[in-house]
Amino acid sequence: MERRKFIKQTSIATAVVAGTPSFNLFAETKKSKKITILHTNDVHSHIDPFSPEDASFPNKGGVARRLTLIEAIRKENPNTLLLDAGDIFQGTPYFNFYGGELEFKLMSMMQYDAATIGNHDFDNGVNGLAAQMPNASFKMLSSNYDFTNTAMDGLTKPYEIFIKDGIKIGVFGIGIQLEGLVTPALSKETQYLDPTEISQDMTRILKEEQNCDLVICLSHLGYSYKYDKISDVTLAKKTKNIDLIIGGHTHTFLEKPTIVKNAADVDVIVNQVGWAGVNLGRIDFEFDLNGKATATSKTITI
Amino acid sequence: MIRIFLSLVLTISLLGCKDSQATLTHIESHQLPVTDSIQANQDVLDYIAPYRKRIDEEMSAVLAYAPQSLSKKEGPYNTAIGNMMADAVFKLSNPVFKKRTGKNIDAVLLNHGGIRSTLNAGDVTMRSAFDIMPFENSVVVVELTSDQVNEMFDYLKSGTAHPISNMQLVLDEKNEIKTATINGNSVENSKTYFIATNDYLQQGGDHMTFLSEPLSMEVLDYKIRSILVDYFKEQDTIAPVRDNRFIKE
């Protein structure tokens with residue numbers, strides 16, 4: 001098995017080299033590429049930092065500082081994606097007053113690449129969310145909410161493929177069950193579809209059909225539950241071909257990302273960085289393009 | 001081995017459709033705390049400023065005055081701040097409900113957990129209303145059967161100071177219901193009752209299941225926070241008291 005994998009990997013890598021001018025064949029020395037993924041979740045309209053008197057997060061967070069951090073990382077590695085796992089709205093008067101306008105405008109200013117939809121993003125109804133979409137220059141990704149017959153119809157995409165330095169990165173969005181969390185008056189005719197089945201469809205498209213090098217799930221399912229409810233950890237176990245799940249909803253502060261074995265016994269990284277923008281998550285993925293690559297497994301430093 | 005290798009190369013070269021193929025070799029993660037040691041981006045600060053200014057102006061608007069702080073922790077059974085909220089809902093929702101339906105609200109039930117902060121002594125501002133009620137929940141009036149109303153009183157026996165108005169519940173030493181009245185009268189089997197609450201509780205919040213299947217329901221589109229703001233504006237001084245609407249003998 002390992003041997004077959006080795007042959008396959010080697011030959012595929014060689015094929016790319018073979019596609020370049022022939023005198024280069026096998027002549028290339030080490031070539032590696034790095035993709036940086038930055039992520040937030042459950043920012044909940046926390047545009048300003050917490051006050052110095054705050055009992056839990058004194059002086060933490062703030063969009064203006066976050067952008068300084070992001071810009072420094074982009075300077076270090078221009079091949080960076082910036083993602084958010086939902087619940088952008090609700091939590092400070094900025095949302096009550098402006099309905100999410102400033103949240104979306106600032107995310108656009110920070111050049112977020114994509115986000116998914118959390119339950120609180122329905123707090124002004126599916127119409128209120130749709131009304132703010134012109135302020136979002138980033139992609140709103142949602143693969144398991146069917147917005148047919150709602151104002152959000154056509155304003156989301158199930159997935160997006162980003163190409164950074166020739167590396168294909170497929171990102172798809174997964175939302176939580178709305179029943180019990182979002183009143184039907186707000187979600188209107190939004191239909192929630194099974195996250196596991198939809199994720200299987202998404203990974204088939206992104207990995208098998210589109211040959212993405214990296215597949216990322218932006219999830220608002222929640223990290224994990226004591227009772228039987230689909231979560232990031234269970235989704236990771238039940239699926240394959242997802243490299244990274246960036247989670248939200250449960251406001252989980254993880255000391256480090258969790259590594260979960262997927263259905264094909266391959267490592268999946270599950271991460272979440274608390275809430276309110278007090279942390280920015282960073283995960284770097286290094287790729288080897290060397291035709292003589294011998295690596296049969298990746299190393300993970302967390 | 002070499003033959004297999006070459007034929008694979010050939011096959012893939014012929015297919016030649018891979019946009020890119022790279023081998024993932026290394027993953028590394030770091031969590032970056034956003035602290036005050038990071039310089040704030042000035043463009044962002046400038047962009048936020050007018051939005052913040054308008055909020056600060058509106059939030060600091062003084063609506064009334066509170067001689068004493070009011071905390072929901074002064075219970076059990078009933079609290080001054082909870083009584084104020086339930087009475088405000090009763091007073092301000094009823095004209096809206098009556099205008100629409102020609103009927104009167106019989107009583108109000110809210111939830112203790114829905115009081116999100118203390119009302120501090122001093123100026124009562126718009127920010128006070130947002131602090132007490134940051135959520136967008138609105139008033140709904142449900143028409144309940146006498147059985148459902150009795151279920152409501154049973155639910156309240158736990159002693160949690162859920163805010164109520166225009167009803168009274170007296171528990172005996174064993175925490176059983178001694179008297180339960182709405183508008184001063186015992187619950188009549190043949191009657192139905194119009195209870196004002198919020199949409200969160202009506203939809204199963206705090207497991208108030210007796211609100212889930214009402215005979216009829218009127219959604220008032222009147223937010224609880226707006227009720228508080230309107231109530232504060234009407235009053236000069238905010239000084240509600242604990243009383244005997246829910247007590248244990």
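Colleague: Which strands of chain B form the open sheet, and in what order?

Modeller: The order is S6-S3-S10-S5-S11, so to speak from one side to the other, five strands with mixed pairing. Strands S6 (164-165) and S11 (216-223) of chain B are the edges, each pairing on one side only. Two strands pair if DSSP finds at least two bridges between them. The elements themselves are DSSP runs numbered from the N terminus: H or I over at least four residues for a helix, E over at least two for a strand.

Colleague: Before I go on, what kind of model is this?

Modeller: This is a predicted model, where local features need pLDDT of at least 70, side-chain atom pairs count only at pLDDT 80 or more, and totals for chains, interfaces and linings use all residues. Residues are numbered from 1 along each chain as its sequence is written, chains are lettered from A and ligands numbered from 1 in the order in which they are written, and side-chain values use heavy atoms, with hydrogens and water left out.

Colleague: Back to the edge at S6(B). How many bridges join S3 to S6 there, and do they run parallel or antiparallel?

Modeller: Two bridges, with S3 (residues 107-109) and S6 of chain B running antiparallel. In that pairing B:Val108 sits opposite B:Ser165.

Colleague: Where is the place of B:Ile224?

Modeller: B:Ile224 belongs to helix H7 (residues 224-234) of chain B.

Colleague: Why does B:Ile224 count as buried?

Modeller: Because its relative accessible area is 3%. The cut-offs are under 20% for buried, over 50% for exposed and partly exposed in between, using a 1.4 Å probe and protein chains only.

Colleague: What is B:Ile224 in contact with, leaving aside its neighbours within four places in sequence?

Modeller: B:Met85, B:Val89, B:Leu110, B:Met133, B:Asn137, B:Ser138, B:Val139 and B:Asn198. Contact means heavy atoms within 4.5 Å. As for B:Ser212, it is 12 residues from B:Ile224 in sequence and 19 Å away in space, C-alpha to C-alpha.

Colleague: New topic, the interface. How many residues does the contact take from chain A and from chain B?

Modeller: Chain A gives 69 residues and chain B gives 46. Together the two chains bury about 5500 Å², with 63% of that on carbon and sulfur atoms. B:Ile27, B:Val34 and B:Tyr51 supply 13% of the area that chain B buries against chain A, more than any other three residues. Buried area here is the accessible area (1.4 Å probe) that two parts lose on being put together, summed over both.

Colleague: How many salt bridges does the rule find across that interface?

Modeller: One. B:Arg52 makes a salt bridge with A:Asp48, and their closest N and O atoms are 2.7 Å apart. The rule asks for a side-chain nitrogen of Lys or Arg within 4 Å of a carboxyl oxygen of Asp or Glu.

Colleague: Which strands pair with S13 of chain A?

Modeller: Strand S13 (residues 279-288) of chain A pairs antiparallel with S1 (residues 32-40) of chain A over eight bridges. S13(A) also pairs antiparallel with S1 (residues 23-33) of chain B, over 10 bridges. A:Ile283 has a partner in each: A:Ile37 stands opposite it in S1(A), and B:Ser29 is its bridge partner in S1(B). Further along, A:Asp288 is bridged to B:Thr23.

Colleague: How many residues of S13(A) are buried?

Modeller: Nine of its 10 residues, so the strand counts as mostly covered.

Colleague: In what sense do S14(A) and S1(B) pair?

Modeller: Strand S14 (residues 299-301) of chain A and S1(B) are parallel, with three bridges. A:Ile300 has B:Ile27 as its bridge partner.

Colleague: What about A:Thr36, which strand has it?

Modeller: A:Thr36 is in S1 of chain A. A:Thr36 is buried, at 0% relative accessibility. Its side chain is joined to that of A:Asn77 by a polar contact of 2.9 Å. Such a contact is a pair of N or O atoms within 3.5 Å; within protein, one must be able to donate a hydrogen and the other to accept it, and residues adjacent in sequence count only if both atoms are side-chain atoms. Not counting residues up to four places away in sequence, A:Thr36 touches several others, including A:Ile73, A:Leu81 and A:Ile283.
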